[in-house]
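The following exercises are to be worked with the sequence and the structure at hand. Each task is followed by a solution in steps.

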Amino acid sequence: MTNKAIIVFCPNPSSLYTVSVCELLMKMGYSIDYIIVRRFTLNRFRAEFSRDGKRLLSKIWKKLVLKEAAYPPGSNSLPFFRKKNDLRIKKVQEFKDWGTKIQYCNSLNDKNVEDVLNKYDKKLIIFTGGGIIRDNILKISGDGIINCHMGMLPRYKGMDLPEWCILENNSKELGITLHFMDSGIDTGDILRKVPVSLGKHKDIRSLRNSFEPIMVKSMVEVVDDYLNGRIKPVKQESNNRRQYFIIHKELYKIVNLKIKKKANLAPSQ
Amino acid sequence: MNVQEIINNLPSLLNSDEFPLLNNTFIEGLENVKTSFSNEFSTISILNSLGDYDKFRNIISMDIVNLRILLHFEISNNNFHYWMEKLLRYCEINYVKLRSNERKYGRSRNESIEIYNQIIALFVEYHLNSKDLLFLNTALKLADLHWIKPILQTPNSIKVLRKIKMIQLQKILRALAHD
């Protein structure tokens, strides 16, 4: 379907997001040439703990221990989406049976990752997590690295963006942005923006869960559209950009209060 | 009130309620600042002394007081917003190593406590002034740092400053929750 190699950057061997994107692409007829998986090392734990603090522990518990069991039953979560689309692969390792090569690394900027990328002249990289990408990788990324950002660019850069949108009473700006990565933070060319409705979610966790199937679906659609020349990346406007940081627990509580209030006010369907 | 009027009236303002920055009821007690401010005032340079943002290691608490004064009296200064953004980014990006950075910069414990308490006050005041929640967010995070909390030996004024600031933060959060 394409003469370009498809390489996927993956944050951990059992990332539901990664396996869902890869399996959907394969169902559409694409072959995934490589999946590059970042190991979870002590150094990585230290680096991420210094960024995320205690909430890293709940992230690990949810993503590495509970996995699908971490999601409450509901029609808007990733496990439901996987069931609906008959996605059965649960571990990156299983893609070996379909001819995909797996490369493990301590950091996505390592020399062994460079070696993999240098094997292909024409390539498209799909980023499904795993940390900051440095210039050595960006330079040899072929067409580029597509990322799905959990906020509407260029206005919302950084972290915890669904929370910030709600806190700023700007829920119409809830959404995701598919863009190419560059050396800045969320500053690369935009491929597509997808708004997400606040709906009747009772808390931020449930809202965040509803983002995940949309991210998988949008990533696959954008990769397909891009490889078939149906979309072109567009430069971001540099004005009206703001970088947001991890939200404080007291403000997080207020976000949940605001969601609850809106859910109670929303007309029932 | 323009800069010159503030400078001319500062000695009387220092002891009056018309100068809310130094008034305990505004946001927090700043007795310690008041003392250093009075000393600095003799040079009549403070209100114009905000230069280019250099490095965080070179910042002194008077720089932050200066920003608070500029903010409070709405004195226009080209560097003001640049300073605010730089301070915010420094505190966020270096959040987990703020304490070790302070040691590296060679500041005493009390100097560090004072600088960070001034920054918290500045960020809260800036939030009240601009409604920018990012500054409130960082102020809350800084207020959580246990090493910024006053110790027995710190001047009483810092303890007062912190106590009033925490009450103020709670008030702001309550108001936000009902917004």
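Two strands pair if DSSP finds at least two bridges between them. The model examined here is predicted.

**Exercise 1. Determine which residues of strand 5 of chain A are the bridge partners of A:F127 and A:I125.**

Step 1. Strand 4 (residues 123-127) and strand 5 (residues 145-149) of chain A are joined by 3 bridges and run parallel.
Step 2. The bridge partner of A:F127 is A:N147.
Step 3. For A:I125, the bridge partner is A:I145.
Step 4. Strand 5 of chain A is also joined to strand 7 of chain A, by 4 bridges, and these two run antiparallel. Here A:I146 stands opposite A:F180 of strand 7.

**Exercise 2. Place these strands in their sheet and state in what order its strands lie.**

Step 1. In chain A, 7 strands in the order 3-2-1-4-5-7-8 form an open sheet with mixed pairing.
Step 2. Its edge strands, each pairing on one side only, are strand 3 (101-105) and strand 8 (190-195) of chain A.
Step 3. On average, neighbouring strands are turned by 20 degrees against each other, direction ignored.
Step 4. Helix 8 (residues 204-227) of chain A lies across strand 4, strand 5, strand 7 (175-180) and strand 8, at about 35 degrees to strand 7.

**Exercise 3. Decide whether the two faces of strand 5 of chain A are covered or open.**

Step 1. In a regular strand, side chains alternate between the two faces of the sheet.
Step 2. On one side of strand 5 of chain A, A:I145, A:N147 and A:H149 are buried; on the other, A:I146 and A:C148 are buried.
Step 3. Both faces are therefore covered, and, because 5 of the 5 residues are buried, strand 5 of chain A is largely enclosed by the rest of the structure.

**Exercise 4. Establish how the buried residues of helix 4 of chain B are arranged around its axis.**

Step 1. Helix 4 (residues 80-93) of chain B has 14 residues and reaches 20 Å from its first C-alpha to its last.
Step 2. Its buried residues are B:W83, B:L87, B:L88 and B:C91.
Step 3. Seen down the axis, the buried residues of helix 4 of chain B fall within an arc of 130 degrees, so they line one face of the helix.
Step 4. An α-helix has 3.6 residues a turn, so residues three or four places apart point the same way.
Step 5. On the other side of helix 4 of chain B, B:H81, B:Y82 and B:I93 are exposed.
Step 6. The cover over the buried residues includes helix 3 (61-72), helix 5 (98-105), helix 6 (109-130) and helix 7 (133-144) of chain B.

Definitions and conventions: Residues are numbered from 1 along each chain as its sequence is written. Chains are lettered from A and ligands numbered from 1 in the order in which they are written. This is a predicted model: local features need pLDDT of at least 70, side-chain atom pairs count only at pLDDT 80 or more; totals for chains, interfaces and linings use all residues. The expected span of a helix is 1.5 Å times one less than its number of residues. A residue is buried if 20 or more other C-beta atoms lie within 10 Å of its own, exposed if 12 or fewer, and partly exposed in between; C-beta atoms are placed from the backbone. The arc is that of the directions from the helix axis to the C-beta atoms. Two residues are in contact if their C-beta atoms, placed from the backbone, lie within 7 Å. Axes are lines fitted to C-alpha atoms, for helices over the stretch in contact, and angles run from 0 to 180 degrees between N-to-C directions.
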